[in-house]
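Student: Could you take me on a close look at the salt bridges here, and then at what surrounds them? I would enjoy one connected walk through the details.

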Amino acid sequence: MSFTTPVPMTILLVEDDEVDVMNVKRAFKKNNISNQLVVASNGIEALALLRSETLEYPRPKIVLLDLNMPKMGGIEFLKEIRQDPSLSSLSVFVMTTSNEDSDKIEAFNLNVAGYILKPLSMDRFIAAVSTLNSYWTLCEYPQ
């Protein structure tokens with residue numbers, strides 16, 4: 001009987017704000033999260049990355065998504081992936097400054113796994129990322 005150590009899942013961060021990207025990276029480091037973090041700065045870039053046939057890392061199964069971005073916003077991105085059979089099963093966590101009920105309703109109607117409001121204090125943000133890590137570490141995903 002052989003046991004293989006699972007490869008940590010690749011996580012896609014779709015975020016256009018460099019400060020927020022740095023905060024996510026800092027929170028990963030503080031929580032000793034070893035998952036590879038790939039960054040796309042908008043929905044169009046994220047879709048191209050997810051649909052690429054030549055990735056140098058395992059295809060992301062988890063997406064951390066900002067809603068307010070140029071070119072293609074988060075809700076448009078969500079609609080696009082939910083209509084694509086090869087991407088529809090992605091676990092998406094929204095991390096956004098939008099506290100609009102309409103955005104929350106639309107995001108949950110598009111099957112997001114969670115909706116986190118920014119800006120949290122850095123300590124609360126680190127705790128939120130720790131909780132996310134517990135979630136995706138506990139979940140079993142198909143290969």
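Tutor: Happy to. Let us begin with R51 and E80, whose side chains meet in a salt bridge with N and O 3.2 Å apart. R51 belongs to helix α2 (residues 43-51) and E80 to helix α3 (residues 74-83), so this pair ties together parts that are 29 residues apart in sequence. Please keep in mind throughout that this is a predicted model.

How accessible are the two partners? R51 has 37% relative accessibility and counts as partly exposed. E80 is partly exposed too, with a relative accessible area of 30%.

R51 also forms a salt bridge with D84, and here the closest N and O atoms are 3.0 Å apart. Once more the pair links distant parts of the chain: R51 sits in helix α2, while D84 is in the loop between α3 and β4 (91-96), 33 residues apart. D84, at 13% relative accessibility, counts as buried.

Now move to E106 and K79, where another salt bridge joins the side chains at 3.1 Å, N to O. E106 lies in helix α4 (residues 101-109) and K79 in helix α3, so the sequence separation of this pair is 27 residues. Both ends are partly exposed: E106 has 29% relative accessibility, and K79 has 38%. As for how the bridges connect, shared partners join R51, E80 and D84 into one network. In total, the count comes to three salt bridges.

Next, the aromatic side chains. Searching the whole structure gives two aromatic pairs. One of them is F93 with Y135, an edge-to-face arrangement with 5.4 Å centre to centre and 80° between the planes. F93 is in strand β4 and Y135 in helix α5 (residues 122-138), which puts the partners 42 residues apart. Their surroundings differ in class: F93 is buried, with a relative accessible area of 4%, whereas Y135 is partly exposed at 38%.

From there we can step into the nonpolar interior. The largest nonpolar core has 26 residues, and those with the most contacts inside it are L12, V63, L65, F77, L78, I81 and V92. Two or more residues come from each of β1 (11-14), β2 (37-40), α2, β3 (62-65), α3 and β4. V92 makes a good vantage point: neighbours within four places in sequence aside, V92 is in contact with V63, L65, L78, I81, R82, V112, A113 and G114. Apart from this core lies another, of 19 residues, with M9, A27, I62 and W136 among them.

Let us finish at a polar residue, D66, placed in the loop between β3 and α3. D66 is buried, with a relative accessible area of 5%. The side chains of D66 and T96 are joined by a polar contact of 3.5 Å. If we again leave aside neighbours within four places in sequence, the residues in contact with D66 are V14, E15, D16, G74, M95, T96 and K118.

To trace the picture on screen, start from R51 and follow its bridges to E80 and to D84. Then visit E106 and K79, turn to the ring pair of F93 and Y135, and end at D66 beside its polar partner T96.

How values were computed: Residues are numbered from 1 along each chain as its sequence is written. This is a predicted model: local features need pLDDT of at least 70, side-chain atom pairs count only at pLDDT 80 or more; totals for chains, interfaces and linings use all residues. Side-chain values use heavy atoms; hydrogens and water are left out. A salt bridge is a side-chain nitrogen of Lys or Arg within 4 Å of a carboxyl oxygen of Asp or Glu. Helices (H or I, at least four residues) and strands (E, at least two) are DSSP runs, numbered from the N terminus. Buried means under 20% relative accessible area, exposed over 50%, partly exposed in between (1.4 Å probe, protein chains only). Rings of Phe, Tyr and Trp (its six-membered ring) pair if their centres lie within 6.5 Å; planes under 30 degrees apart count as stacked, over 60 as edge-to-face and the rest as tilted. A nonpolar core is a set of buried Ala, Val, Leu, Ile, Met, Phe, Trp, Tyr and Cys residues joined through side-chain atoms within 4.5 Å. Contact means heavy atoms within 4.5 Å. A polar contact is a pair of N or O atoms within 3.5 Å; within protein, one must be able to donate a hydrogen and the other to accept it, and residues adjacent in sequence count only if both atoms are side-chain atoms.
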